[in-house]
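Let's take a walk through this model together. Have a look at the sequence and the fold first, and then we'll go through a few spots worth finding.

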Amino acid sequence: MNTINYSEKIPNNVNLSGDRALQRALEHWQPNFLQWWAEMGPEGTRDASVYLRTAVSVDAGGWAHFDHVRMPDYRWGIFLTPADAERRIHFGEHLGEAVWQDVPGEHRANLRRIIVTQGDTEPASIEQQRHLGLTAPSLYDLRNLFQINVEEGRHLWAMVYLLHRHFGRDGREEADALLQRRSGDADHPRILGAFNERTPDWLAFFMFTYFTDRDGKFQLCALAESGFDPLARTTKFMLTEEAHHMFVGESGVSRVVQRTCQVMKELGTDDPARVRAAGVIDLPTIQRYLNFHFAVTIDLFGADQSSNAATFYGAGLKGRFEEGKRDDDHRLHGLTYAVQEVVDGRIVTRDVPMLNALNEVLRDDFIRDSVGGIGRWNKVIEKAGLAFRLTVPHKAFNRKIGTFANVRVAPDGRVVNEAEWAAHQSAWLASAEDRAFVASLMGRVIAPGQFANWIAPPAMGVNKQPVDFDYVRFN
Ligand SMILES: [Fe+2]
Ligand SMILES: [Fe+2]
């Protein structure tokens, strides 16, 4: 029952053929999506056959099938985790009631906004990454890029299905608009800031998939708690794919760090100029990339205090990360949460109503989770016998959203004045010169088993294939 039928025009496990009007509407959207993919999807490798993982079932075990797929033949579909007939709303003012299979009228506008905002990030990241195939450091990495891109494309399908199925004409218009906005476009930008930044090189790509796909994980986890059951079920299935995206980021940065450390040891130097001259990325530059991507990503969680967040929670639309594992009353009235703000040039902590601080709660959960990988990157440096350590900047550093948007804060959490900021900015954030250097290292490596000089090979291949497997075949 949970097996996906790929002989249908739109593979799905939602009985699409049982709803002809919906099927027709989605079949009408499909060519527009394919047109968008042809224009904005991965560049320069249209005919390649890529060793991809494809969903063949939504059951917990064994849903994935691996094979070479010609990119033009790739099939996007609609997959939801199976329904649980007993499922109840487990937070907010509707706690204990049966979950909704249809959108309650009073929550329609908010649910539509949540789904559109999530849906918008999916094509945005593909647009941001579309040039990277031209400079892939190996076939293994090129394959991972495509895997992520096709899955983000499917995540767009997931949100478009919800819009078409549950939001009538407005939903269809929103689904069309998802193909019309463009990342970084001055007139029609994507909705959220981080998704309008460029992802110009592979270090930026690995940082993006480590940090920004992890934001995706936390948003999806919060939506997987939703009282609107179709949203909960579709985001649950999306989460199974998100884990791989974060793995690509974590292992990618780790391999860059590993290669740099190897060269530093060979040369017996920690001088960034000498490290760069050897064609690898010096550790301070990696830190500056990290600082940029961390700050831009934590902005995605929104304002520290937000009445929308309180509304979404109270209405049962969006829960907290691992809502079910928390042992409070899941209504949160009368509870407080510590948020930070700048008073008289210092960062101080203040307790505010937790319901209004749920963006900050999710941001702090994200920060705790993202620190882990940085510890593992430092292990690589430590193992090489080097003293340098990567660090997570203070959460007030370089923020554009929330209470820290209008203050200058150093990575160590000191509030600084404009002059000090200007003097140190290029030591704290990747500069144009850093990016130009990293860009100078990027070049396409497409011989099986070969890797660009600036990155170490992975410890193992994909799906137990050897590292020198032909993950991508150019036809
Ligand atoms: Fe996604
Ligand atoms: Fe992702």
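## Metals and salt bridges

E152 bridges two metals, the iron ion (ligand 2) and the iron ion (ligand 1), and these lie 3.6 Å apart. Keep in mind that what you're looking at is a predicted model.

So what holds on to the iron ion (ligand 2) from the protein side? Its protein donors are E152 (OE), D213 (OD), E242 (OE) and H245 (ND1), sitting 1.8 to 2.2 Å from the ion. Read along the chain, these donors of the iron ion (ligand 2) are spaced as E-x60-D-x28-E-x2-H. E152 belongs to helix 3 (residues 139-166) and H245 to helix 6 (residues 229-267), so this pair, 93 residues apart, links distant parts of the chain. The arrangement of the 4 donor atoms around the iron ion (ligand 2) is irregular, because they subtend angles of 91 to 172°. For four donors to count as tetrahedral, all angles would have to lie between 85 and 135 degrees.

Are E152 and H245 buried or exposed? E152 counts as buried because its relative accessibility is 3%, and H245 is buried too, with a relative accessible area of 0%.

Now for the charged pairs. Side chains of opposite charge can pair when their charged atoms come close. Searching the whole structure turns up 38 salt bridges. Here are three of them:

| Pair | Closest N to O | Apart in sequence |
|---|---|---|
| E151 and R53 | 3.0 Å | 98 residues |
| R182 and E127 | 3.9 Å | 55 residues |
| E360 and K395 | 2.6 Å | 35 residues |

In the E151 and R53 pair, E151 comes from helix 3 and R53 from strand 1 (residues 49-55). Both of these residues, E151 and R53, are buried.

Next comes the salt bridge between R182 and E127. R182 sits in the loop between helix 4 (168-178) and helix 5 (202-223), while E127 is in helix 2 (residues 108-128), so the pair ties together parts that are 55 residues apart in sequence. R182 and E127 are both buried. They also belong to a network of salt bridges that links E39, D120, E127, R181, R182 and R190.

Finally, E360 meets K395 in a salt bridge. E360 is found in helix 10 (residues 358-383), and K395 in the loop between helix 10 and helix 11 (418-428). E360 counts as buried at 1% relative accessibility, and K395 is buried with a relative accessible area of 13%.

Methods:
Residues numbered from 1 in each chain as written. Chains lettered and ligands numbered in written order. Predicted model: local features only at pLDDT ≥ 70, side-chain atom pairs only at ≥ 80, totals over all residues. Heavy atoms only, no water. Donors = N, O, S within 2.8 Å, 3.2 Å for Na, K, Ca; no water. Tetrahedral: all angles 85-135°; square planar, octahedral: opposite > 155°, others 65-115°. Helix = DSSP H or I, 4+ residues; strand = E, 2+ residues; numbered from the N terminus. Buried < 20%, exposed > 50% of the residue type's maximum accessible area, 1.4 Å probe, protein only. Salt bridge = Lys/Arg side-chain N within 4 Å of Asp/Glu carboxyl O.
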